[in-house]
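Q: I would like to go through this model step by step. Could we begin with the terms we need?

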Amino acid sequence: MIPDTGPFSLDRTLSCGQVFRWEKRGAWWQGVIGREVIRMRQEDRILIFSGAREDTIRDYFQLELDLEEILQSIDRDPVIHGSLERCRGLRIIRQQPWECLASYICATYANIPGIRKKIALLSSSFGEPLTTGSQTAFSFPSADILASSDMCDLARCSLGYRSPYLCETASMITRNPGWAEKIAAASTPEARKELVLFRGVGPKVADCVLLFAFGRYDVFPVDIWITRIMQHWYSLPASAGSEEIAREGRSRFGRYAGYAQEYLFCDREFLMSGIFSRRPKKR
DNA sequence: CGCCAGGCGGGAC
DNA sequence: GTCCCGCATGGC
């Protein structure tokens, strides 16, 4: 148990679409970190958990980071202010590099329920069973396992055209086991260059990995929703490309631009409800 | 049913 | 460098 997490919403943090493997049953969230099957629930600022050491949980949610301070630093205009209110307590999780990279390769041009399904299938097909009392959970499959699996098997996980990308990247990772340390040691621009060398990894996936697995809170991943939000609420021209939007996000919100991005993304339904203008949307 | 999804690779200029 | 297109599958 962690008696005082500070400002924190377990629900928003686990359901906002940064991680895809947690499930809520009743009051309890169930999921896996590494090889540990974890159950958690929250009561006010108390976090109750089982299955892992407290260190693991504290690191996963980066509880030593002062959320109030971060949010204060990005609370720079009325739009983000509203999103900060509506998504209060969302924290950016520190994910494991390979799981994060693989997950976001699977996430390209898919919707969140679909992504969750792909990753669940991938885990139950290739992960290791982790038995815990009643039900069986699975570890996220290692790069080695995926690299040595027949691509036809991978394709059965509804990955579509992404399966060769995941397979090739898994193989690249297997041949380059020090990749994560190298990225962790590199500057953000250098790290980004390294990441886009992997198959299926473009600027957006690279930024998600930098933000969610390497703690580069200044990056600003741009997907279709962030594009719409920035165009509509921050009057960026419809012609603005992803790099331009990312630049604008970083300069507008500063060192924790990635946090701003997550709050806007989490709030996308509110921000875009009633915006019916069928915008070009396809570039 | 049609339209859309936390984009990317590849080719055309 | 920028633009444009196809993409395989499932959710809604």
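A: Certainly. A residue is called buried when its relative accessible area is under 20%, and exposed when that area is over 50%. Please keep in mind that this is a predicted model.

Q: Is C16 buried or exposed, then?

A: C16 has a relative accessible area of 6%, so it is buried.

Q: How many disulfides does the structure hold?

A: It holds zero disulfides. For C16, the nearest cysteine sulfur belongs to C266 and is 5.4 Å away.

Q: Why is C157 not bonded to C106?

A: Their sulfurs are 8.5 Å apart, which is too far for a bond, although C106 has the closest cysteine sulfur to that of C157. C157 is also buried, at 1% relative accessible area.

Q: Turning to helices, at what angle do α13 and α15 pack?

A: Helix α13, residues 224-233, and helix α15, residues 257-266, pack at about 95°, and their axes are 10 Å apart. The two helices are therefore roughly perpendicular to each other.

Q: Which residues meet there?

A: From α13 there are W225, I226, I229 and M230, which meet Q261, L264 and F265 of α15. Six of the residues in this contact are nonpolar, one is polar and none is charged.

Q: Now the loops: which residue between α5 and α6 should I look at?

A: Y109 lies in that loop. Its phi is positive, about 55°, although Y109 is not a glycine. Y109 counts as exposed, at 66% relative accessibility.

Q: And where is S235?

A: S235 is in the loop between α13 and α14. S235 is not a glycine, yet it has a positive phi of about 45°. Its relative accessible area is 61%, so S235 is exposed.

Key:
Residues are numbered from 1 along each chain as its sequence is written. Chains are lettered from A and ligands numbered from 1 in the order in which they are written. This is a predicted model: local features need pLDDT of at least 70, side-chain atom pairs count only at pLDDT 80 or more; totals for chains, interfaces and linings use all residues. Side-chain values use heavy atoms; hydrogens and water are left out. A disulfide is a pair of cysteine sulfur atoms within 2.5 Å. Buried means under 20% relative accessible area, exposed over 50%, partly exposed in between (1.4 Å probe, protein chains only). Axes are lines fitted to C-alpha atoms, for helices over the stretch in contact, and angles run from 0 to 180 degrees between N-to-C directions. Helices (H or I, at least four residues) and strands (E, at least two) are DSSP runs, numbered from the N terminus. Angles under 35 degrees count as roughly parallel, over 145 as roughly antiparallel, 65 to 115 as roughly perpendicular and the rest as oblique. Contact means heavy atoms within 4.5 Å. Ala, Val, Leu, Ile, Met, Phe, Trp, Tyr, Cys and Pro count as nonpolar, Asp, Glu, Lys and Arg as charged, and the others, Gly among them, as polar.
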